[in-house]
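Student: Could you walk me through this structure, one piece at a time? I would like to learn how to reason from what I see.

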Amino acid sequence: LDDRQFREAMGKFATGVTVVATEVDGNIHGMTANAFMSVSLNPKLVVVSIAEKAQMLEKIKQSGTFSVNILAADQQEVSMIFAGQLKNHQEVVFEHLNGVPVLSNASAQISCEVSAAHVEGDHTLFIGKVTDIRIEDAEPLIYYSGKYRRLAED
Ligand code: FAD
Ligand code: NAD
């Protein structure tokens, strides 16, 4: 099995797109992530998978908190900014939810406290205990086979 084949197969799984954000010493850091899942309803837990090479890894370890911002259909540019694919972009405005930075205009903002961290291969799975939620009525941004998509109208 080679890396290309693995990525191609995983890319068949259509996902939403999130930006994970955290704050250390007043500095906000964001990172685009599609490895996100709802884990448990009672208690309310989610998981994000962060690569060992990502700057985000140490930042979440330090802060012990993060947010997951589910991107709306019109936020492809935001996704590209936080994946390091767009330079010279405009400043990104963050709000706060329960003391954690969250992205304006996301379709859902979810603030979390790290309840566990599991190192698995070249990623760390952070289990987040959900501390607050804000929801907006917006269509989702979709990611499939390495491309951004939108839901088709009926
Ligand atoms: P950097 O690469 O240094 O930062 C990311 C970018 O965000 C930089 O361009 C930086 O300038 C910008 N940025 C950060 N904070 C701010 C701020 N406050 N204001 C303005 N700009 C800021 N990787 C994973 O580990 N897990 C995943 O689930 C995952 N899913 C992905 C899904 C998609 C659709 C894509 C395109 C990429 C995904 N990646 C994932 C890869 C990951 O997004 C990139 O490797 C990313 O560059 C890693 O970020 P970093 O923390 O190393 O920080
Ligand atoms: P791609 O076509 O290589 O990825 C397709 C799918 O493969 C992704 O949606 C993801 O499910 C999986 N994948 C890709 N890289 C991975 C990694 N390093 N670890 C675990 N799973 C991985 O790439 P793309 O969709 O063009 O993404 C652009 C960039 O973002 C690439 O550098 C890619 O490695 C990175 N990315 C990383 C992850 C991740 O770390 N979980 C997820 C998506 C994208």
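**Helix, sheet and ligands**

Tutor: Let's start with helix α2, residues 55–63, whose buried residues are Met56, Lys59 and Ile60. Keep in mind that this is a predicted model.

Student: Within what arc do the buried residues of α2 fall, seen down its axis?
Tutor: A helix has a regular repeat: with 3.6 residues a turn, residues three or four places apart point the same way. Here the buried residues are Met56, Lys59 and Ile60. They line one face of α2, because seen down the axis they fall within an arc of 95 degrees.

Student: Which residues of α2 are exposed on the other side?
Tutor: We have just seen that Met56, Lys59 and Ile60 are buried. For the other side of α2, look for residues with 12 or fewer other C-beta atoms within 10 Å. The exposed ones there are Glu58 and Gln62.

Student: Which strands do the buried residues of α2 pack against?
Tutor: Follow the buried face, with Met56 among its residues, and look at what it touches. The strands packed against it are β2 (18–24), β3 (27–33), β5, β6 (65–70), β9 and β10 (123–135).

Student: In what order do the strands of the open sheet come, and which are the edge strands?
Tutor: Seven strands form this open sheet, and their pairing is antiparallel. Read across, the order is β3-β2-β6-β9-β10-β5-β4. An edge strand pairs on one side only, and that is the case for β3 and β4.

Student: What angle does the direction of α2 make with that of β2?
Tutor: Within the sheet, neighbouring strands are turned by 35 degrees against each other on average, ignoring direction. Helix α2 packs on this sheet, and β2 is among the strands it touches. The angle between the directions of α2 and β2 is about 55 degrees.

Student: Which residue is the bridge partner of Val20 in β6?
Tutor: Strands of a sheet pair through backbone hydrogen bonds, either parallel or antiparallel. In this case β2 and β6 run antiparallel and are joined by four bridges. The partner of Val20 in β6 is Val68.

Student: Which element gives the most residues to the shell around ligand 1?
Tutor: The shell around ligand 1 has 21 residues, and the closest are Ala33, Ala35, Ala51, Met56 and Gly84. Elements giving two or more residues are β3, β5, α2 and α3. With six residues, the one that gives the most is β3.

Student: How many charged residues are in the shell around ligand 1, and how many in the shell around ligand 2?
Tutor: Around ligand 1 there are 14 nonpolar, seven polar and no charged residues. The residues surrounding ligand 2 include Arg7, Met10, Asn34 and Ser49. That shell has four nonpolar and four polar residues, and its charged residues number one.

Student: Is Asn88 buried or exposed?
Tutor: Asn88 is found in the loop between α3 (76–82) and β7 (94–97). Its phi is near 55 degrees, a positive value in a residue other than glycine. Because Asn88 has 4 C-beta neighbours inside 10 Å, it counts as exposed.

Student: What is omega for the peptide bond from Asn42 to Pro43?
Tutor: First find Pro43, which lies in the loop between β4 (36–40) and β5 (45–51). The peptide bond from Asn42 to Pro43 is cis, with omega near 5 degrees.

Note on methods: Residues numbered from 1 in each chain as written. Chains lettered and ligands numbered in written order. Predicted model: local features only at pLDDT ≥ 70, side-chain atom pairs only at ≥ 80, totals over all residues. Buried ≥ 20, exposed ≤ 12 C-beta atoms within 10 Å, placed from the backbone. Near = placed C-beta within 6 Å. Nonpolar A, V, L, I, M, F, W, Y, C, P; charged D, E, K, R; others polar. Arc of directions from axis to C-beta. Contact = placed C-beta atoms within 7 Å. Pairing = 2+ DSSP bridges. Axes fitted to C-alpha atoms, helices over the stretch in contact; angles between N-to-C directions.
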